[in-house]
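Q: I would like a close look at one part of this model, namely the lining of its pockets. Please go through it carefully, residue by residue where you can.

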Amino acid sequence: MSAIAPPAPAETAPPTVDYSDYKLVPSRHPWRWVGTVVVAAGVAAIAWSLVTNPRWEWGVVAEWFTAQSVVNGLIETLKLTAISGVLGFVLGFVLALMRLSASPLLVSVSWTFSWIFRSTPLLVQLLLWYNLGYLYEKISLGIPFTDVRFFEAQTTTLISQFAAAVLGLTLNQAAYSAEIIRGGILSVDQGQLEAASALGIPAWKRSTRIVLPQAMRAILPNAFNEIIGLVKGTSIVYVLAYSELFYTVQVIYNRTQQVLPLLLVATLWYVVITSVLSVFQYYIERHFSKGALRTLPLTPLQKARKFFATHVAASPTNVKESR
């Protein structure tokens, strides 16, 4: 006879543990606090030095910061930046398309342009354009290799200080922006173009509706870096004795011998301009990130509103009033 196996013991559920009495202890980051204290002490020391050192002459800075001559120089700097930036990126866009073309001639011309203007210093380019009248006495427009002329003028009358500055800054900017735009276009997956072509979408719409919106996410950070660099690069136009911001400040401190305060005036204006451009960069990049992010990050203003709404709603005063 076979022995009958005893019944298996019933499985008992593990006892539940009550965690309600456990105390939550935040993780400790002592080195983070040490680093914060060290950096805060350094910032406080620099701020204290700026405030207490009389040689900064903050009264002189305040006096000249909004002076009419300085404001006029600032307007000329903004004018140079706007004109050269727009023309430079338009020409850079054309050069980028030429570089991506299937034509060997267009590719060669675009590559040679970028090679020349990226290989020579901006200072040399400005001086060359300003002295163009020494190389070519007259500038004419007509049919090549014939005597037909539609327009002709003296080079010295056409290439003024402003024209030489715009010409030098624009061509130099175009050489760099062409590579930025070309890199942004190449960053878009070619499979999307093939799919759009298979759906019968025209080439122009493929470029404007599919490629460029995605390429802008790669183009914008570098493009704004170039624009900010262009703002500061306008200061080199002082070699042409053009009255932009830096040249105006130089003229003033050569007369008053207040060198450091006037340089600080120019520095603060450059900081203001680049700060405004950085704000524009943030919102434009946020706009073009709609296709890549499901939920857009909150803007600083939205974060501030959320913070105050949360803390004001949870404050003890509001709690008592609600009761």
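A: The largest share of the lining of the largest pocket, five residues, is supplied by α10 (helices are DSSP runs of H or I, at least four residues, numbered from the N terminus). This is a predicted model, in which local features need pLDDT of at least 70 and side-chain atom pairs count only at pLDDT 80 or more, while totals for chains, interfaces and linings use all residues. Residues are numbered from 1 along each chain as its sequence is written, and side-chain values use heavy atoms, with hydrogens and water left out.

The largest pocket holds about 320 Å³ of space. A pocket here is, on a 1 Å grid over the protein atoms alone, an open set of points where a 1.4 Å probe fits, with protein on both sides within 12 Å along at least five of seven lines, and lining residues have an atom within 4 Å of a point; points are joined across faces, edges and corners, and the volume is the space filled by probe spheres set on them. Four helices, α3, α8 (161-186), α9 (190-198) and α10 (203-233), each give at least two residues to this lining. Ile185 and Leu186 of α8 line the largest pocket, as do Gln190 and Leu193 of α9, whereas α10 brings Trp204, Ser207, Thr208, Val211 and Leu212. Phe93, Leu97 and Leu100 belong to the lining as well. By class, the lining has nine nonpolar, three polar and no charged residues (Ala, Val, Leu, Ile, Met, Phe, Trp, Tyr, Cys and Pro count as nonpolar, Asp, Glu, Lys and Arg as charged, and the others, Gly among them, as polar).

The second largest pocket encloses about 170 Å³ of space, and its lining consists of Phe89, Phe93, Ile181, Leu212, Met216, Ile219, Leu220, Ala223, Phe224 and Ile227. Two or more of these residues come from each of α3 and α10, with α10 giving the most, seven residues. Its lining divides into 10 nonpolar, no polar and no charged residues.

Taking the two pockets together, Phe93 and Leu212 appear in both linings, and α10 makes the largest contribution to each, with five residues in the largest pocket and seven in the second largest. Neither lining contains a charged residue, but polar residues, three of them, are found in the lining of the largest pocket, while the second largest pocket has none.
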